Amino acid sequence: MGLRKILTDKDPALHKVCRPVEKFDWRLHKLLDDMADTLAEANGVGLAAPQVGILRRAVVVDTGEEVLELVNPTLVETSGEQTGAEGCLSVPGKYGLVKRPYYAKVRAQDRNGEWFEAEGEGLIGRCFCHELDHLDGIMYTEIMERFLTEEELAGEDE
């Protein structure tokens, strides 16, 4: 089990555009494995490579059924709209009100370079958009309407 340190929002690496993955080798496989382990340990939904200090276009997303590995992902379709609480492992303990598409479809490569498409609604659609923003150096705090208060967050659980 390889755990990586998750960078926080003050780290300049989180505000840089990531380079495409070109080598689909053991280093990429180790990165993806470590990212999945780190995501599980942090109890998150998604994690992008820049969050662990690697400026490459790679993301892992826990759909609840599987951990999707998205290498060189691009959004190919979005629809609908949702506005809700959004958090980030790089901004611990804070949540913001963010507007995102309800549905998102991504095209990506797997760890061996094979192309595929994945789609999601609700939380997974939000997560795809959030993680792909990370690859372009965009944090949710830059596009949110405002931070949510503890009282508002407590009301979300009811």
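**Exercise 1. Determine whether Cys 18 is buried or exposed, and which cysteine sulfur is nearest to that of Cys 18.**

Solution. Begin with accessibility, where buried means under 20% relative accessible area, exposed means over 50%, and partly exposed lies in between, with a 1.4 Å probe and protein chains only. Cys 18 has a relative accessibility of 5%, and therefore counts as buried. The model is a predicted one, in which local features need pLDDT of at least 70 and side-chain atom pairs count only at pLDDT 80 or more, while totals for chains, interfaces and linings use all residues. Residues are numbered from 1 along each chain as its sequence is written, and side-chain values use heavy atoms, with hydrogens and water left out.

Next, turn to disulfides, a disulfide being a pair of cysteine sulfur atoms within 2.5 Å. A search of the whole structure finds zero of them. Cys 18 is in no disulfide, and the nearest cysteine sulfur, which belongs to Cys 88, is 13 Å away. For Cys 88, the closest cysteine sulfur is that of Cys 127, and because the two are 9.9 Å apart, they are too far for a bond. Cys 88 also counts as buried, at 10% relative accessibility.

**Exercise 2. Describe the overall make-up of the protein chain, and find how many helices and strands there are.**

Solution. Helices (H or I, at least four residues) and strands (E, at least two) are DSSP runs, numbered from the N terminus. By this count the protein chain has three helices and eight strands, and from the N terminus on the elements follow the order α-β-β-β-β-β-β-β-α-β-α.

For the overall dimensions, the C-alpha trace spans about 45 × 30 × 30 Å along its principal axes. The radius of gyration is taken over C-alpha atoms, and the globule rule is 2.2 Å times the number of residues to the power 0.38. A compact globule of 158 residues would have a radius of gyration near 15 Å, and the protein chain, with 15 Å, agrees with this. Buried residues make up 46% of the 158 residues.

**Exercise 3. Work out the strand order of the five-stranded open sheet, and where α1 lies.**

Solution. Two strands pair if DSSP finds at least two bridges between them. The order in this open sheet is β1-β2-β3-β6-β7, with antiparallel pairing, and the edge strands, β1 and β7 (115-121), each pair on one side only. Neighbouring strands of the sheet are turned by 40 degrees against each other on average, direction ignored.

Now follow the pairing around β2. Strand β1 (residues 46-48) pairs with β2 in the antiparallel sense over three bridges, and Ala 48 stands opposite Val 59 in β2. On to β3: five bridges join β2 to β3, and the two run antiparallel. Within β3, Leu 70 is the bridge partner of Val 59, while Val 67 is the bridge partner of Asp 62. The two strands form a hairpin with four residues between them, and Gly 64 in the turn has a positive phi of about 95 degrees.

Finally, place the helix, with axes fitted as lines to C-alpha atoms (for helices over the stretch in contact) and angles running from 0 to 180 degrees between N-to-C directions. Helix α1 (residues 26-42) lies across β1, β2 and β3, at about 35 degrees to β2.

**Exercise 4. Identify which elements supply the largest nonpolar core, and which of them gives the largest share.**

Solution. A nonpolar core is a set of buried Ala, Val, Leu, Ile, Met, Phe, Trp, Tyr and Cys residues joined through side-chain atoms within 4.5 Å. The largest one has 26 residues, and those with the most contacts inside it are Val 59, Val 61, Leu 70, Val 106, Phe 128 and Tyr 140. At least two residues of this core come from each of β2 (58-62), β3 (67-79), β6 (103-109) and α2 (123-135), and α2 gives the largest share, six residues. Contact means heavy atoms within 4.5 Å, and, leaving aside neighbours within four places in sequence, Phe 128 is in contact with residues including Val 61, Leu 70, Val 106 and Gly 120. Apart from this core lies another, of 12 residues, among them Leu 28, Val 52, Val 60 and Val 71. As for β2, four of its five residues are buried.
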